[in-house]
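Here are a few short exercises to help you find your way around a new structure. Try each task yourself before reading the solution.

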Amino acid sequence: MEGLKQFLEYILTPSTEIFIVGALIVLFLPVLVHLYISRSTPYTSLPSILLLGPAGGGKTSLLTLLERGDHAAPTHTSQVPQSVELTVSDHHGASTFREAARGDAPGSHRKFLLVDTPGHGKLRSQHATSQIASGSALRGVLYVLDAAALDESLADAAAYLYDILLTLQRRTGAGKTSKTPNPVAVLVAVNKLDLFTAQPATLVRSNLEAELGRIRRSRSKGLLDSGVGVDEIGSEEQDDWLGEYGSEKFSFQQMREFDVEVDVVGGSVLEGNVDKWWDWISDRI
């Protein structure tokens, strides 16, 4: 008892040692608590949806529409990727994306990142490949294209889509030797259906499949003409072959073998007709 009394008198009596110990406790205790909590609590990154597609398709306009909820902001060609954090509700009574995306919407809410990427030919492939390769939280790809300009831009739109699908196909194939990566779905968002010259989604789908098949045949022939040794042609050709190897015609259904589900859905950012695209996002978050 006498020892306790002396100890209390010592710590309650002002002295240099007591001030130093108290200062160290005040400074370092919060840091130690923070480190303990951060290490004991696993870090989880938000699921993400990637916006890809040729320049002028409406990717950035779609991002601003979903962010603001009322209208799309005027945009220009993106130079660097940008992302926004959005919230989706599982409330099935919502009739439009504006109702489902509200912070006070009924039901449980889930946050996700919507990532916009440049569509310019010199910038897009690098950003798309890096985002897909490093995206362990990636849940889907929205490939936005201009349905009104597809007569002139079909070859370019299909070539970019070919590279994206092939990257996803290789991503799944690479995971077969270890942990299989999470499936990544693809939605071809056929934008600008409000314009008179726009092609309907069904026609866009068939035209894309035909052009993707032509690209596949062309790249296969290019490999044969490149002088690669006969023993090496088989493995390299199969690695660059999109979809079912050796098939005569390409279809999006062939991508299911690689856990890549491809849908083609029409809409219009200008008119705010993006509810089906939002539902597709909601199903994957």
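**Exercise 1: the whole protein**

Task: Work out how much accessible surface the protein has, and then get an overview of its build.

Solution: Keep in mind that this is a predicted model. Start with the surface: it comes to about 16100 Å², and carbon and sulfur atoms account for 57% of that. Next, look inside: 40% of the 285 residues are buried. Now go through the secondary structure, and you'll find nine helices and six strands. Finally, turn to contacts between residues at least 6 apart in sequence: 75% of them join residues at least 24 apart.

**Exercise 2: a helix and its surroundings**

Task: Decide whether helix H3 (residues 59-68) is largely enclosed or not.

Solution: Begin with the cut-off, since a residue is called buried when its relative accessible area is under 20%. Then go along the helix: Lys-59, Thr-60, Ser-61, Leu-62, Leu-63, Thr-64, Leu-65 and Leu-66 pass the test. That makes eight of the 10 residues, so H3 is largely enclosed by the rest of the structure. One last step takes you past the end of the helix: Gly-69 follows H3, and its phi is positive, near 90°.

**Exercise 3: one residue in a strand**

Task: Is Ser-83 buried, partly exposed or exposed? Find its contacts as well.

Solution: First place the residue: Ser-83 sits in strand S2, which covers residues 82-89. Its relative accessible area is 45%. Partly exposed runs between the 20% and 50% cut-offs, so Ser-83 is partly exposed. For contacts, skip the neighbours within four places in sequence, and you get Leu-114 and Val-115. Leu-50 is 33 residues away from Ser-83 along the chain, and the two C-alpha atoms are separated by 9.1 Å.

**Exercise 4: aromatic pairs**

Task: How many aromatic pairs are there, and how are the rings of Trp-241 and Tyr-245 arranged?

Solution: Remember what to look for: a pair of aromatic rings is described by the distance of the centres and the angle of the planes. The count comes to four aromatic pairs. In one of them, the ring centres of Trp-241 and Tyr-245 are 5.6 Å apart and the planes meet at 75°. Planes over 60 degrees apart count as edge-to-face, so that's what this pair is. Trp-241 is buried at 9% relative accessibility, while Tyr-245, at 41%, is partly exposed.

Now use the same steps on Phe-250 and Phe-252: with centres 5.8 Å apart and planes at 85°, this pair is edge-to-face. Both Phe-250 and Phe-252 are buried.

Technical notes. Residues numbered from 1 in each chain as written. Predicted model: local features only at pLDDT ≥ 70, side-chain atom pairs only at ≥ 80, totals over all residues. Heavy atoms only, no water. Helix = DSSP H or I, 4+ residues; strand = E, 2+ residues; numbered from the N terminus. Buried < 20%, exposed > 50% of the residue type's maximum accessible area, 1.4 Å probe, protein only. Contact = heavy atoms within 4.5 Å. Areas by Shrake-Rupley, 256 points an atom, 1.4 Å probe, with all protein chains shown as cover. Phe/Tyr/Trp six-rings, centres within 6.5 Å; stacked < 30°, edge-to-face > 60°.
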